[in-house]
Number of protein chains: 2
Amino acid sequence: MKKTGIILSGCGFLDGSEIHEAVLTLLALDRAGIEAIVLAPDIPQIHVVNHRTGEVAQGEMRNVLDESARISRGAVTDLAQIDTLNLDALILPGGYGAAKNLSDYGFKGAECSVNPDVARAIRSFHQADKPIGFICIAPALAAQVLGAEHPLLTIGNDPSTAKDLETMGARHVDCPVWNAIVWNKGKILSTPAYMLGPSIAEVAKGIDRLVEELARLL
Amino acid sequence: MKKTGIILSGCGFLDGSEIHEAVLTLLALDRAGIEAIVLAPDIPQIHVVNHRTGEVAQGEMRNVLDESARISRGAVTDLAQIDTLNLDALILPGGYGAAKNLSDYGFKGAECSVNPDVARAIRSFHQADKPIGFICIAPALAAQVLGAEHPLLTIGNDPSTAKDLETMGARHVDCPVWNAIVWNKGKILSTPAYMLGPSIAEVAKGIDRLVEELARLL
């Protein structure tokens with residue numbers, strides 16, 4: 001059975017992983033007969049956001065690895081252990097956690113840096129010619145880490161976000177929410193998901209497409 | 001467009017809603033063209049559980065309504081407002097939150113009581129002959145509120161949990177994870193989901209069946 005690592009960034013789209021995208025990824029992998037191994041860095045969240053009000057919960061602290069375990073029903077591995085897992089592919093769902101905890105893209109835009117363990121995972125899987133799927137805002141991390149190779153990536157239709165990707169060296173591709181693209185040179189897959197929305201069933205179509213293409217590449 | 005209320009109990013199966021079940025319910029409703037309105041009581045969680053270790057996080061406090069908003073991407077309504085929403089049906093996903101925050105079934109078994117707003121919602125929808133779907137452990141709440149009418153309910157295959165349901169007046173039905181049952185007298189639907197598991201794709205089949213039957217009843 002092939003194994004795919006899913007790198008999460010917490011639990012909730014405003015300060016962690018986009019929950020729907022993460023769950024839809026787990027569903028699509030299970031349906032494809034691919035084992036999912038949920039990974040996250042063992043770091044504090046940059047902040048906690050009250051998802052009802054949209055406001056930062058001052059003074060509250062949560063851990064990315066602990067919160068990611070909510071989405072995986074407990075089974076979560078510290079990303080620092082990734083080399084021991086013998087994985088065949090990687091997927092990074094979106095949510096602001098990708099832009100706040102796994103990188104600082106949400107604060108610094110095209111000048112961002114990526115968490116060293118996340119950057120190392122992306123680089124090593126790419127060098128090993130293993131497929132990597134980037135969902136929603138996560139392609140910003142691919143642009144930062146792999147920009148020198150000018151990967152084709154989706155990001156939705158926000159012009160300033162698309163421009164950031166191009167500034168980092170990527171080439172932005174317009175892609176509808178129900179579809180996913182593959183940059184064949186590097187087995188880099190992406191789909192816009194909730195960068196476009198507008199509904200969970202539409203987002204599911206794009207994630208299903210991404211996982212279908214990833215399974216084909218394995 | 002028909003509208004279904006989904007009563008959540010937090011975000012994470014050990015102290016709130018089972019995230020996969022809640023997301024799969026949102027997905028199935030969206031695919032069926034039914035609008036989902038996420039509801040939760042505005043109460044503190046009984047406790048917070050670290051989902052990586054399984055241990056109670058001493059001294060930590062979270063609010064059921066705020067945490068439920070993580071699953072709904074922000075759009076959440078206080079359950080106390082349910083009368084103003086003109087809903088056509090209700091669904092209660094599982095997770096320990098249903099047995100800890102929406103009721104005290106997890107602590108008191110068949111002697112449990114149900115949160116007054118949740119009990120009132122179940123009773124009023126039942127009296128209005130509107131469909132109500134109960135997923136995973138949530139049928140325990142149906143057994144407590146509607147036990148006098150001896151509803152047919154699923155709960156998985158744990159004998160002591162099944163016995164609790166019968167003690168509360170319900171009749172337990174063995175049902176595989178991929179299926180859902182309808183107690184026609186009362187438009188009460190149930191599916192065992194993660195009471196049986198073992199994988200998200202199997203749980204999705206049962207939830208899809210439940211929503212399909214619910215849509216048929218609308």
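## Helix packing, interface and local geometry in a two-chain model

In chain A, the axes of helix H5 (residues 116-127) and helix H6 (residues 139-146) come within 10 Å and cross at roughly 70 degrees. Since angles from 65 to 115 degrees count as roughly perpendicular, H5(A) is therefore roughly perpendicular to H6(A). On the H5(A) side the contact is made by A:Val118, A:Ala119, A:Ile122, A:Arg123 and A:His126, and on the H6(A) side by A:Leu141, A:Val145 and A:Leu146. By class, these residues divide into six nonpolar, one polar and one charged. The model discussed here is a predicted one, and the values below should be read with that in mind.

In chain B, helix H5 (residues 116-127) packs on helix H6 (residues 139-146) at an angle of about 75 degrees, with the axes 10 Å apart, which makes H5(B) roughly perpendicular to H6(B). Here H5(B) contributes B:Val118, B:Ala119, B:Ile122, B:Arg123 and B:His126 to the contact, while H6(B) contributes B:Leu141, B:Val145 and B:Leu146; the class division is six nonpolar, one polar and one charged.

Turning to the interface, the contact between the chains takes 35 residues from chain A and 35 residues from chain B. About 3,100 Å² is buried between chain A and chain B, and carbon and sulfur atoms give 55% of that area. Of the area that chain A buries against chain B, 26% is supplied by A:Arg52, A:Arg70 and A:Arg73, which is more than any other three residues supply.

One of these arginines, A:Arg73, has further features that can be set side by side. A:Arg73 lies in the loop between helix H2 (64-71) and strand S3 (77-78) of chain A, and its phi is near 60 degrees, a positive value in a residue other than glycine. Most residues other than glycine have a negative phi, and most peptide bonds are trans. A:Arg73 also lies over the face of B:Phe13, a residue of chain B, and a second charge-over-ring placement, of A:Lys130 over A:Phe125, is found within chain A. Both are given in the table.

| Charged residue | Ring | Distance from the ring centre |
|---|---|---|
| A:Arg73 | B:Phe13 | 4.5 Å |
| A:Lys130 | A:Phe125 | 5.2 Å |

How many aromatic pairs are there over all chains? With ring centres required to lie within 6.5 Å, the count over all chains comes to zero aromatic pairs.

The backbone also holds cis peptide bonds. In chain A, such a bond joins A:Gly197 and A:Pro198, with omega about -5 degrees, and A:Pro198 is found in the loop between strand S9 (188-191) and helix H8 (200-217) of chain A. In chain B, a cis peptide bond joins B:Gly197 and B:Pro198, with omega about -5 degrees, and B:Pro198 is found in the loop between strand S9 (188-191) and helix H8 (200-217) of chain B.

Technical notes:
Residues are numbered from 1 along each chain as its sequence is written. Chains are lettered from A and ligands numbered from 1 in the order in which they are written. This is a predicted model: local features need pLDDT of at least 70, side-chain atom pairs count only at pLDDT 80 or more; totals for chains, interfaces and linings use all residues. Side-chain values use heavy atoms; hydrogens and water are left out. Rings of Phe, Tyr and Trp (its six-membered ring) pair if their centres lie within 6.5 Å; planes under 30 degrees apart count as stacked, over 60 as edge-to-face and the rest as tilted. A charge sits over a ring if NZ of Lys or CZ of Arg is within 6 Å of the ring centre and within 35 degrees of the ring normal. Axes are lines fitted to C-alpha atoms, for helices over the stretch in contact, and angles run from 0 to 180 degrees between N-to-C directions. Helices (H or I, at least four residues) and strands (E, at least two) are DSSP runs, numbered from the N terminus. Angles under 35 degrees count as roughly parallel, over 145 as roughly antiparallel, 65 to 115 as roughly perpendicular and the rest as oblique. Contact means heavy atoms within 4.5 Å. Ala, Val, Leu, Ile, Met, Phe, Trp, Tyr, Cys and Pro count as nonpolar, Asp, Glu, Lys and Arg as charged, and the others, Gly among them, as polar. Buried area is the accessible area (1.4 Å probe) that two parts lose on being put together, summed over both.
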